[in-house]
Amino acid sequence: MKRLKAIAAAALACVTLISFTGCSGFKVIDDEDVFFDALDNAVGIDDDETFNQKNTTYNGDKVEYVIYAQDGDNFYTYIRFKKADDAMDLFDDFYQDFEEIREDGDFEGSHSSSATKTRGSVVFNGEIESGSAISFFRHDKYLYEDTEVYGGVYVNDNVYIEVYSMNGSKRDKEKITNFLKEIGFPKP
């Protein structure tokens, strides 16, 4: 009887763990058309209003596809690397910058972050203090003034995605939320 109870408890624990893992996850967007469609549906950005390129390099790493769009204070980036390690390296750069800013007390607001060997996310809604440096796709940002940030940076397998607003209005933040909802990613 004790053995049966132990097996039942272990099975229940596994089911619970799987359900929690499934709720917090997000899928790999391995087709750039999904990203293009989300830009069009949620934000109203057509693919001809984006910078996009196939078979290129970024920081010496091979990239299968890159999409970058800017809408005022909002930024949308999709990079599908040839190798998953390259996507994770780019994510790690951002993750370490953000963690350093947070640990130094230069970020005020809410955030959640997680990282495994092949998946990670940093979701944020707050203010970064002036004098902080943070790495985004298009450029490393040294912030000369206090800056409100809202959005997230994600990696899953070989795909790296940034969706964020810097000093955006309430409407800008709604666009970020709508876009993240469209692709099924965690929102701030």
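Strands here are DSSP runs of E at least two residues long, numbered from the N terminus.

**View 1. Asn55, a positive phi within strand 1.** In this predicted model, Asn55 sits in strand 1, which covers residues 51-58. Its phi is near 45°, a positive value in a residue other than glycine. Asn55 counts as exposed because its relative accessibility is 67%, and the cut-off for exposed is over 50%.

**View 2. Asn167, another non-glycine residue with a positive phi.** Here phi is about 55°. Asn167 belongs to the loop that links strand 9 to helix 4. With 34% relative accessibility, Asn167 comes out as partly exposed.

**View 3. Helix 4 and what it packs on.** This helix runs over residues 170-183, 14 residues in total, and reaches 20 Å from its first C-alpha to its last, close to the 20 Å expected at 1.5 Å a residue. Its buried residues are Asp172, Lys175, Ile176, Thr177, Phe179, Leu180 and Ile183. They pack against helix 2 (32-43) and four strands: strand 2 (61-71), strand 3 (74-81), strand 8 (147-156) and strand 9 (159-166). Right after the helix comes Gly184, with a positive phi near 75°.

**View 4. Helix 3, end to end.** The 20 residues of helix 3 (residues 84-103) should span 28 Å at 1.5 Å a residue, and the end C-alpha atoms are indeed 28 Å apart. Buried along the helix are Asp86, Ala87, Met88, Leu90, Phe91, Phe94, Asp97, Phe98, Glu99 and Ile101. Just past the end, Gly105 has a positive phi of about 80°.

**View 5. The largest nonpolar core.** It holds 28 residues, and Ile79, Phe81, Phe94, Phe124 and Tyr160 have the most contacts inside it. Strand 2, strand 3, helix 3, strand 5 (119-128), strand 8 and strand 9 each give two or more residues to this core. Helix 3 gives the most, with 7. A second, separate core has 25 residues, among them Ala69, Tyr154, Ile161 and Leu180.

**View 6. Phe81 and its contacts.** Setting aside neighbours within four places in sequence, Phe81 touches Tyr58, Asp61, Lys62, Val63, Glu64, Asp86, Ala87, Leu90, Asn158 and Tyr160.

**View 7. The N-terminal stretch, residues 1-24.** pLDDT stays under 50 over these residues, and the model has 1 contact for them beyond four places in sequence. Where pLDDT is low, the predicted coordinates should not be read in detail. For the protein as a whole, the mean pLDDT is 86, with 85% of residues at 70 or more.

Note on methods:
Residues numbered from 1 in each chain as written. Predicted model: local features only at pLDDT ≥ 70, side-chain atom pairs only at ≥ 80, totals over all residues. Heavy atoms only, no water. Expected span 1.5 Å × (residues − 1). Buried < 20%, exposed > 50% of the residue type's maximum accessible area, 1.4 Å probe, protein only. Contact = heavy atoms within 4.5 Å. Core = buried A, V, L, I, M, F, W, Y, C linked by side-chain atoms within 4.5 Å. pLDDT = per-residue confidence, 0-100.
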